[in-house]
Amino acid sequence: MSNSQSLSATLLSVFRRDLVIAFRQRSDMLNPIVFFLMVVTMMPLGISPQASTLAQLAPGLLWVIALLACLLSLDGLFRTDYDDGTLEQLILSPQPLYFIVIIKALVHWLTTGLPLTLVAPLLGVLLALPSDGFIPLWLSLLLGTLTLSFVGAIGAALTVSLRKGGLLLSLIIMPLYVPVLIFGASTVRSAVEGIPYTGALAVLGMFCALALMLAPLAIVGALKMSVQE
Amino acid sequence: MAALTTHSTDHKTNTALLTFKQFGCTRDSRVLFEGIDFDIYAGDVVQVEGPNGTGKTTLLRALTRLLPDYEGEILWRGKTLSHAHYDFLSQLLFIGHLPGIKKTLTPRENLAFLSSLNGTSTLSDIDDALAQVGLYGYEDMPCYQLSAGQNRRIALARLYLTKALVWVLDEPYTAVDVAGIKKLEALFEYHAKQGGCVILTSHQPPNIRDLKHLSLTDYSGGDSSSASVIEGAYDE
């Protein structure tokens, strides 16, 4: 069997396995979405049910909560694979780990970021987001959550060998999430205010492309370091 | 029997599969072992020996390059391991303390995934391998319903599937019953006869013909006490 064929076979089986595991542990998968839903529904109760007040806050709120929901799910990304020795087997596979971690981060996005993106417009209604903001919200979250998954995976890989890496993970990752948050929220805000939002969206697209290419390098390095413990 | 002996001597005239040259490991400024010169040929079954804490697992992990900071050199078919990394990994099967079995998956799914990391296996091959380790009828049960020994057997079923030459096994006998151990030993001998090699650690003496021993107490940091602390032993 040729090399590229067996690489795609390996990647396909990593992809399938991670999806199957995610669906068998549905509670882990639903956790971020339920968090997202709960916090957003509580906002009108806590701040003000007035549509005009909420509409002003909605772009920023939706983005901040989505970001925190993503952060919540990161710790488990490599944790179980580290605990049961799968990580060693992945590293010892002759196939490049670079592509394997891309698949793993992608599955993480499919099971957390993508569902968040899909329910976000619904929650936009709850926060009285003006109708001009829905498509930009959807687009910015689509690009943004993908970036968050890949960047967050770096932190997850760095802290996987620590028994209690949760706090450290947040501290490492938060600063890297800030630019995504700024441009994500400003995409939606510009659209609501009637200003062209494609500029901010393009910057988000650039973040996303950079994260897709460069984050796997950092993840590979961090994982190889983590198994040495 | 005679044919078997000639077979293994034939291989020994070739280059060794693996060569340790002045090989040593230091962890946290403690010299675990140093100055190991050892050749492993096709057809060898090598038992790495030593009391707890002498670095058996460390040696195996350094050999697989999960642990890249060691002194000396390891050669794979005469080439430095870092230069022949891909070639070596595609001929390697490593089963560590943690066998990489996911509890939420079934034995069949686990095995299909693990074997896909290095080549592929058909479903019938996988079921045959599971039958070999006595898990016939358990293929579709989630692994959290199986016992520790049965989970271990799933990992060991990889030995029936793999085409790898070099088997590196850390305590393969853990949680395996007597009959299972007998079967494993027969498999190791068969694999060696086919021109592969097996490197294993175990606290019970394996009952294997022509077993080679690599005793780490012979190389422990110049001091007979395995817990000796030697400061400044780094060259960095």
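## A walk through the predicted model

Start in chain B: select B:R108 and B:D140, which pair in a salt bridge whose closest N and O atoms are 3.2 Å apart. B:R108 sits in helix α4 of chain B and B:D140 in the loop between α5 (123-132) and α6 (148-161), so this pair ties together parts that are 32 residues apart in sequence. Color B:D140 by accessibility and you will find an exposed residue, with a relative accessible area of 54%. Keep in mind along the way that this is a predicted model.

**Across the two chains**

Next, select A:E88 and B:R61. They form a salt bridge as well, with 2.6 Å between the closest N and O atoms. A:E88 belongs to helix α5 (residues 86-91) of chain A and B:R61 to helix α2 (residues 56-63) of chain B, so the pair joins two chains. Are these two residues buried or exposed? Both A:E88 and B:R61 are buried.

Now move to B:K102 and A:D81, whose side chains meet in a salt bridge of 2.5 Å, N to O. Here B:K102 comes from the loop between β6 (92-95) and α4 (107-116) of chain B, while A:D81 comes from helix α4 (residues 76-84) of chain A, so this pair also joins two chains. B:K102 and A:D81 are both buried. Widen the selection to A:R17, A:D18, A:D84 and A:K104: together with A:D81 and B:K102, they are linked in a network of salt bridges. Over all chains, the structure holds 13 salt bridges.

**Into the core**

Stay with A:K104 and add A:F78, which touches it. A:F78 also touches A:L87, A:A153, A:A156, A:A157, A:V160, A:I219 and A:L223, not counting residues up to four places away in sequence. A:F78 is among the residues with the most contacts inside the largest nonpolar core, which has 137 residues; others include A:F36, B:F23 and B:I199. Show helix α3 (residues 51-74) of chain A too, since it gives the most to this core, with 12 residues.

**A buried threonine**

Select A:T145 in helix α7 (residues 134-159) of chain A. A:T145 has a relative accessible area of 1%, so it counts as buried. Its side chain makes a polar contact of 2.9 Å with that of A:W109. Leaving aside neighbors within four places in sequence, A:T145 is in contact with A:C70, A:W109, A:G113 and A:T117.

**Out to the surface**

Finish with A:L158, A:L162, A:L167, A:L168, A:L171, A:I172 and A:M225, a nonpolar surface patch with about 630 Å² of accessible area together. Helix α8 (residues 166-193) of chain A supplies the largest share, four residues. A:L167 lies in that helix and, at 65% relative accessibility, counts as exposed.

Notes. Residues are numbered from 1 along each chain as its sequence is written. Chains are lettered from A and ligands numbered from 1 in the order in which they are written. This is a predicted model: local features need pLDDT of at least 70, side-chain atom pairs count only at pLDDT 80 or more; totals for chains, interfaces and linings use all residues. Side-chain values use heavy atoms; hydrogens and water are left out. A nonpolar core is a set of buried Ala, Val, Leu, Ile, Met, Phe, Trp, Tyr and Cys residues joined through side-chain atoms within 4.5 Å. Buried means under 20% relative accessible area, exposed over 50%, partly exposed in between (1.4 Å probe, protein chains only). Contact means heavy atoms within 4.5 Å. Patches are made of residues with over 30% relative accessible area and no salt bridge: like charges are joined within 9 Å, nonpolar side chains (Val, Leu, Ile, Met, Phe, Trp, Tyr) within 5 Å. Accessible areas come from the Shrake-Rupley method with a 1.4 Å probe; for residues, only the protein chains shown count as cover. A salt bridge is a side-chain nitrogen of Lys or Arg within 4 Å of a carboxyl oxygen of Asp or Glu. A polar contact is a pair of N or O atoms within 3.5 Å; within protein, one must be able to donate a hydrogen and the other to accept it, and residues adjacent in sequence count only if both atoms are side-chain atoms.
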